[in-house]
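Got the viewer open? Let's take a walk through this one, one selection at a time.

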Amino acid sequence: MRETANHDALPDLLLDWYDVHAREMPWRVGPEARKMGVRPDPYRVWMSEIMLQQTTVATVRDYFLRFVTLWPTVGDLAAAEDADVMGEWAGLGYYARARNLLKCARVVVTEHGGAFPADHAELLKLPGIGPYTAAAVSSIAFDLPYTVLDGNVERVMARLYDIHTPLPAAKPALMDKAEALTPPARPGDYAQAVMDLGATICSPKSPACGICPWRDPCAARVAGTQNGLPKKTPKKAKPVRHGTVYLAQREDGAWLLETRPEKGLLGGMLGWPGSDWVDTEHARPQGTPPVAADWSDLNGEVRHTFTHFHLMLTVKTAQVPEHAEPRRGTFLPREQFRPSDLPTVMRKAFDLSQG
DNA sequence: AATCCGGGGGT
DNA sequence: ACCCCAGGATT
């Protein structure tokens, strides 16, 4: 009987903890306003949730503030130039998120009158909004009783119920537990509370069980298995690929750059022309230079790791005359070129060329 | 169900 | 070197 009573008390235990320990974030409302029932701006909640996909709060904060300063409303964002948005996103990674961010803003303006729908099914239809984000916006922005399941919640549930099934197979079971726990009152605060708990106390390594509001009911803590949970199926090793990029600067200072194709790696981002990137067992590819010139190899190479492979890039540089006609890419005037608009691997190549 | 898709920070 | 992170789209 005591177990049932404890189970029913779990949400309130966590909400009481959250009322005291909620982390401050630019897209949240403060504790005073929260008590008055003030909801956060759905635009800011959505923006933060897109940026927070596979990205830490510390990394997102500055990008978020920059975006909402440049584009305070979804209408402002919908009217922005694609290149401006992609440039501001540079360095944050997973660039499909930025393309979908713009698509979504424009759909919200054209099909929803410039306001995010307070409707889980409608949110789920929007570009870049999947099961997690639809639940997050529904609960956090609109206080609707939907359950978020992110890496934090998975870890907390796996420990709270001492579930040893490895991820991702365990996801349905973890979702069942998370849904059963979601309270009808304050579901938005509750959703953020579980994630805050996972991000601060119920951390992947060395969780601080001693100060956890769910210390007593936690099955893994009782069993002493919390450090090994959640279990995960092993992932395969990353292959190594090689390639070459060409950095051409015209005599007037303009740089030869190209916008990468919309789909695929670094899609829609600015980059240096270059070869394909191929597995290391093949010869190092040089490709075809984007413009006729006297190319020279830079000392050293660029090393970069993507989600599923390591890349080693040879960097070639050349000065070209004003009348040069490239077979690939466009010369971008020196004053329009911002290295910060480049994705990190391309910025590394630029940095190498600048010594 | 598997694979693709970045980058940074912690350990 | 490996792991983790407020996942979604595509095949």
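Is Arg34 buried or exposed? Select Arg34 and check: at 14% relative accessibility, it counts as buried (buried is under 20% relative accessible area, exposed over 50%, partly exposed in between, with a 1.4 Å probe and protein chains only).

Some housekeeping before the next click. This is a predicted model, where local features need pLDDT of at least 70, side-chain atom pairs count only at pLDDT 80 or more, and totals for chains, interfaces and linings use all residues. Residues are numbered from 1 along each chain as its sequence is written, chains are lettered from A and ligands numbered from 1 in the order in which they are written, and side-chain values use heavy atoms, with hydrogens and water left out.

**Stop 1: salt bridges**

Keep Arg34 on screen and add Asp19. The two form a salt bridge, with their closest N and O atoms 3.9 Å apart (the rule: a side-chain nitrogen of Lys or Arg within 4 Å of a carboxyl oxygen of Asp or Glu). Asp19 sits in helix α1 (residues 2-21) and Arg34 in helix α2 (residues 31-35), 15 residues apart; helices are DSSP runs of H or I, at least four residues, numbered from the N terminus. Unlike buried Arg34, Asp19 is partly exposed, at 33%. Now add Arg186 and Asp189, and you have a network of salt bridges linking them with Asp19 and Arg34.

Next, pick Lys171 and Glu154, whose side chains meet in a salt bridge at 3.3 Å, N to O. Lys171 lies in helix α11 and Glu154 in helix α10, so this pair ties together parts that are 17 residues apart in sequence. Glu154 is buried at 7% relative accessibility, while Lys171 is partly exposed at 39%.

For a local pair, jump to helix α8 (residues 120-125), where Glu122 and Lys125 lie three residues apart, about one turn of the helix. Their salt bridge is 3.0 Å, N to O. The total count for the model is 20 salt bridges.

**Stop 2: DNA strand C**

Show everything near DNA strand C, meaning residues with a heavy atom within 4 Å of it. There are 23 residues around it, and Arg28, Thr133, Asp150, Asn152 and Arg155 come nearest. On the DNA side, sugar and phosphate account for 69% of the strand C atoms that come within 4 Å of the protein. Zoom in on Arg28: an N or O atom in its side chain is 2.7 Å from a base nitrogen of strand C. Then try Thr133, where a polar side-chain atom lies 2.7 Å from a phosphate oxygen of strand C. Helices α9, α10 and α12 each supply at least two residues of this surface.

**Stop 3: DNA strand B**

Switch to DNA strand B, which has 18 residues around it; Tyr95, Leu266, His304, His308 and Thr344 are the closest. Here the backbone is worth displaying. A polar backbone atom of Thr344 is 2.8 Å from a phosphate oxygen of strand B, one of Tyr94 is 3.0 Å from a sugar or linking oxygen, and one of Gln54 is 2.9 Å from a base nitrogen.

**Last stop: what sits around Gln54?**

Stay on Gln54 and add Leu52, Asp150, Gly151 and Asn152: of the 42 residues lining the largest pocket, these five are the closest to its centre. Among the helices that each supply at least two lining residues are α9 (131-142) and α10 (151-160).

Key: On a 1 Å grid over the protein atoms alone, a cavity is a set of points where a 1.4 Å probe fits but cannot get out, and a pocket is an open set with protein on both sides within 12 Å along at least five of seven lines; lining residues have an atom within 4 Å of a point. A polar contact is a pair of N or O atoms within 3.5 Å; within protein, one must be able to donate a hydrogen and the other to accept it, and residues adjacent in sequence count only if both atoms are side-chain atoms.
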